[in-house]
Amino acid sequence: MSDNYLSSPPGFKSWLTTVDHKRIGVMYLASTLFAFLLGGIFAILIRIELLKPGHNIMTADTYNRVFTLHGVIMIFLFIIPSIPAALGNFVLPLMLGAKDVAFPRLNLASYYIYVAGALLAIAAMVTGAVDTGWTFYTPYSTTTNGSVGMMTLAALILGFSSIFTGINFIATVHKLRAPGMGWFRMPLFVWGLYATAIIQVLATPVIGITLLLIIMERVFSVGIFNPQLGGDPILFQHFFWFYSHPAVYIMILPGMAIISEVIPCFSRKTIFGHKAIAYSSIAIAGVSFLVWGHHMFVSGQSPLASVIFSFLTFLVAIPSGVKVFNWIATMYRGSISLEAPMLYAISFLLLFAIGGLTGLFLGALATDVHLHDTYFVVAHFHFVMMGGTVMAFLAGLHYWWPKMFGRMYSEKWARVSAALIFVGFNVTFLSQFVLGSRGMPRRYYNYLDQFQPLHVFSTVGSWVLALGFLIMAGYLWASLRRPMDAPANPWGAVGLEWQTSSPPPEHNFETVPIVTREPYDYSTPEPAEVRT
Amino acid sequence: MDAHQTAAGTYAKVLGALLALTVTTVLAAGFNFGSWNVVIALGIATIKASLVALFFMHLRHDKPMSAIIFVTGAAMLGVFLTICMLDSDARRDNPVRPAARETVAPALSVPAAPAH
Amino acid sequence: MSTAATPHDEFLQHHFTTAEQQADAGKIGMWLFLVTEILLFGGLFVGFAIMQSRHPEAFLEAHHHLDRILGFINTVVLLTSSYTMVMAVHSARTDRRKRVIVYLLLTLICAGVFLGIKFIEYSDKFHEGLLPGRFYSHKGDTVPGQFMFFSFYFMMTGLHGLHILGGMAVIAWVLRRAVRGDFSHSYYTPVDLVGLYWHLVDLIWIYLFPLLYLIK
């Protein structure tokens with residue numbers, strides 16, 4: 001077996017001190033998948049509890065802790081780092097024809113910072129109660145007992161990991177492109193990661209100072225958010241959402257970027273509107289900073305601010321719409337094949353469309369008054385974050401799996417899993433749109449009897465979802481135990497990452513690639529199994 | 001590496017200007033210009049900041065990317081500040097605050113310190 | 001790529017093809033980091049602005065307790081340290097190793113003076129009970145609510161002071177490398193980038209000083 005980045009350099013210790021972006025990506029992948037498992041277990045527990053009103057398997061206080069932890073883990077430990085740090089770290093330098101990211105040691109540092117933050121978060125979970133919701137609203141978060149301080153400190157630390165990844169990617173895209181790769185010869189996955197990185201750098205420090213202020217309030221009672229002391233709790237929400245809204249675009253932009261890679265490949269057709277998609281990523285990043293107040297329509301925010309935010313929220317939907325139309329246009333009259341990555345990509349198109357459209361109801365002031373803090377919101381964000389980002393993540397995982405690990409997985413079981421996940425997801429979350437519009441509030445432990453049938457339906461959906469993921473874990477694990485016989489380009493895709501072996505050698509390319517071909521140029525057909 | 005090498009003498013002149021501006025702002029604060037005091041103080045601070053950024057931080061002669069990054073960050077902060085202030089001013093009479101205008105020191109009215 | 005080995009080659013990392021590329025990347029990276037600092041401190045500035053607009057009398061009254069002379073001296077000290085820092089970069093770029101060392105040392109001394117004065121100011125505040133939040137114990141206030149001003153005073157100057165400490169540590173590291181003779185006209189990036197960080201710390205104080213000490 002020839003040397004590749006997995007086997008060379010050898011030894012466990014070499015992994016701990018590696019500055020190889022591919023190894024760091026793999027470590028992030030393992031960690032974020034573990035976080036997904038942990039967050040998923042909490043989700044299953046939530047849904048079991050909600051099978052009937054009132055007490056089922058846990059007390060109300062425990063329930064508050066469980067949904068808080070589900071949110072914190074899924075958002076800070078899984079979804080924000082997942083695509084950029086796990087897949088992005090691995091693929092971005094390869095796509096650019098570079099040997100590594102701009103700052104490899106900073107890359108390793110950002111991983112260790114992630115681990116430190118994750119461990120602190122877990123410590124906070126087990127040493128005390130964190131039941132504030134992942135949003136840490138004041139005054140509850142600043143006055144309640146429990147390990148809120150520790151958890152906010154953990155989130156602060158995790159934020160630095162995100163910032164350093166963003167800095168690294170921006171510098172890499174600017175300075176480490178291979179000869180011949182102008183900005184518009186760059187793959188759209190890179191554009192998406194670049195736009196994401198801009199948000200990571202600009203927005204994350206604000207959540208940093210916000211979390212620090214929570215700690216200051218708890219320790220010193222500084223007063224900024226405490227109405228009894230002349231402070232302003234709505235100001236907390238401004239601070240919090242100034243990051244947390246752009247954060248959701250940190251979550252979706254990389255996902256959209258993956259879809260832009262997968263759809264052309266499995267339609268054997270060049271992407272429709274390459275420049276439009278590239279620019280729309282930047283546009284989304286920019287406008288995303290202007291809409292945070294749509295989380296605060298009923299908080300006591302001034303009507304003036306609410307109107308401004310509502311209008312801008314409608315604007316941000318436009319570039320997303322541009323992308324969806326372009327992806328569909330790419331598929332039109334393409335030669336579609338339905339391998340696992342494409343199944344997830346098509347799921348994404350449908351589920352993200354639903355998620356995005358339901359955001360409009362929430363962005364409109366009059367309807368939001370009724371829908372805010374109901375299950376409609378829960379369904380909306382699960383459709384965009386899970387139906388969107390997670391589906392895209394799975395598409396990317398299956399697309400680049402052979403490149404990363406040199407093995408194929410069982411296509412048959414992958415399709416079974418994809419079907420279960422699609423069905424399970426819709427059963428779980430479509431029902432929640434109905435629940436919400438009928439008045440079921442979110443984060444509620446107890447509920448009126450009339451909501452029970454839909455809750456039961458939703459919970460059964462979560463079991464189907466869980467089964468789909470278990471099967472996925474099974475066949476991916478089985479894949480790792482197979483011999484490393486994947487070809488360099490199993491999908492016949494266009495892109496520099498496919499011009500090196502699967503898995504790549506330690507230094508990425510045997511010879512520095514020179515870019516002459518336009519991206520997504522599927523006009524000259526390439527056989528599916530290409531020589532290494 | 002900037003192609004243009006700033007002469008050492010320029011740096012000394014910039015320092016001189018910065019010190020002079022500092023004296024100016026302290027003196028200006030001694031007079032009562034009403035609401036213009038804030039404008040003058042922040043205006044002088046911005047001139048000083050610009051001198052530091054353009055000359056000491058080489059933005060004047062570096063490739064434009066550095067300046068683009070800096071300005072974007074400052075602009076984002078500006079957006080945040082502006083909208084928060086707009087909102088805060090627009091709800092000054094919001095009953096979130098206690099009815100009495102004065103605030104009480106925490107030692108008297110806040111419950112016991114929470115564990116953190 | 002030229003065949004002759006140049007002095008900077010030992011500092012050229014393997015994934016870069018030219019030294020200029022490496023230096024440019026470093027500069028972009030540092031400016032991005034500085035922007036994160038601007039937004040981090042910016043949050044505190046936003047909080048200060050809004051609380052000040054809601055409690056103008058309390059903030060006005062409270063800020064009289066600050067010593068303008070000490071604040072002015074500190075501003076002068078920090079501006080001077082920015083000058084000595086940029087002169088250190090200039091010296092590195094013009095191959096004057098001894099001057100690099102001298103200017104870096106002067107910068108460290110200025111930083112130390114700054115912290116020393118801050119220590120004096122903080123001690124005064126402690127003695128008078130002018131402390132943040134729940135620890136405020138100053139007696140005889142005619143205008144209530146001044147604790148909020150001191151919450152911000154300590155948070156903002158405290159965070160700033162921590163950044164000065166961090167800056168001193170990094171400058172000391174660069175100083176060590178300068179003594180070792182690492183820098184020349186073809187490689188002085190660490191001095192350059194640390195300098196940028198230091199100037200940002202100065203920039204923040206340029207705004208802190210008038211806001212806290214001077215504005216009515």
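**Exercise 1. State the helix pattern of chain C and describe the chain's overall dimensions and burial.**

Read along the sequence, chain C runs α-α-α-α-α-α. The model is predicted: local features need pLDDT of at least 70, side-chain atom pairs count only at pLDDT 80 or more, and totals for chains, interfaces and linings use all residues. Residues are numbered from 1 along each chain as its sequence is written, while chains are lettered from A and ligands numbered from 1 in the order in which they are written.

Step 1. Chain C has 6 helices and 0 strands. Helices (H or I, at least four residues) and strands (E, at least two) are DSSP runs, numbered from the N terminus.

Step 2. Along the principal axes, the C-alpha atoms of chain C fill a box of roughly 75 × 30 × 25 Å.

Step 3. Of its 216 residues, 52% count as buried. A residue is buried if 20 or more other C-beta atoms lie within 10 Å of its own, exposed if 12 or fewer, and partly exposed in between, with C-beta atoms placed from the backbone.

Step 4. Among contacts in chain C between residues at least 6 apart in sequence, 75% join residues at least 24 apart. Two residues are in contact if their C-beta atoms, placed from the backbone, lie within 7 Å.

**Exercise 2. Describe the side of chain B that touches chain C, by element and by class.**

Step 1. In this interface, 40 residues of chain B are in contact with 42 residues of chain C.

Step 2. Two or more residues each come from α1 (8-29), α2 (36-56), α3 (64-90) and α4 (106-109) of chain B. The largest share, 13 residues, belongs to α3(B).

Step 3. By class, this side of chain B has 31 nonpolar, 7 polar and 2 charged residues. Here Ala, Val, Leu, Ile, Met, Phe, Trp, Tyr, Cys and Pro count as nonpolar, Asp, Glu, Lys and Arg as charged, and the others, Gly among them, as polar.

**Exercise 3. Locate R333(A) and H58(B), and decide for each whether the residue is buried or exposed.**

Step 1. Most residues other than glycine have a negative phi, and most peptide bonds are trans.

Step 2. R333(A) has a positive phi, near 60 degrees, and lies in the loop between α10 (303-331) and α11 (340-363) of chain A. R333(A) is exposed, because 9 other C-beta atoms lie within 10 Å.

Step 3. H58(B) also has a positive phi, near 65 degrees, and sits in the loop between α2 and α3 of chain B. H58(B) is buried, because 21 other C-beta atoms lie within 10 Å.

**Exercise 4. Find where the cis peptide bonds S8(A)-P9(A) and T138(A)-P139(A) fall in chain A.**

Step 1. The bond joining S8(A) and P9(A) is cis, with omega about 0 degrees. P9(A) is in the segment before α1 (12-16) of chain A.

Step 2. From T138(A) to P139(A) the bond is cis, with omega near 0 degrees. P139(A) lies in the loop between α4 (104-127) and α5 (140-143) of chain A.

**Exercise 5. Describe the largest nonpolar core and the contacts of I259(A).**

Step 1. The largest nonpolar core has 268 residues. Such a core is a set of buried Ala, Val, Leu, Ile, Met, Phe, Trp, Tyr and Cys residues joined through C-beta atoms within 7 Å.

Step 2. The residues with the most contacts inside this core are I170(A), V190(A), Y194(A), I259(A), V262(A) and A395(A). The core draws at least three residues from each of domain 1 (7-60) and domain 2 (63-91) of chain B; domain bounds come from an automatic or database domain assignment.

Step 3. Not counting residues up to four places away in sequence, I259(A) touches W327(A), A345(A), F348(A), A392(A) and A395(A).
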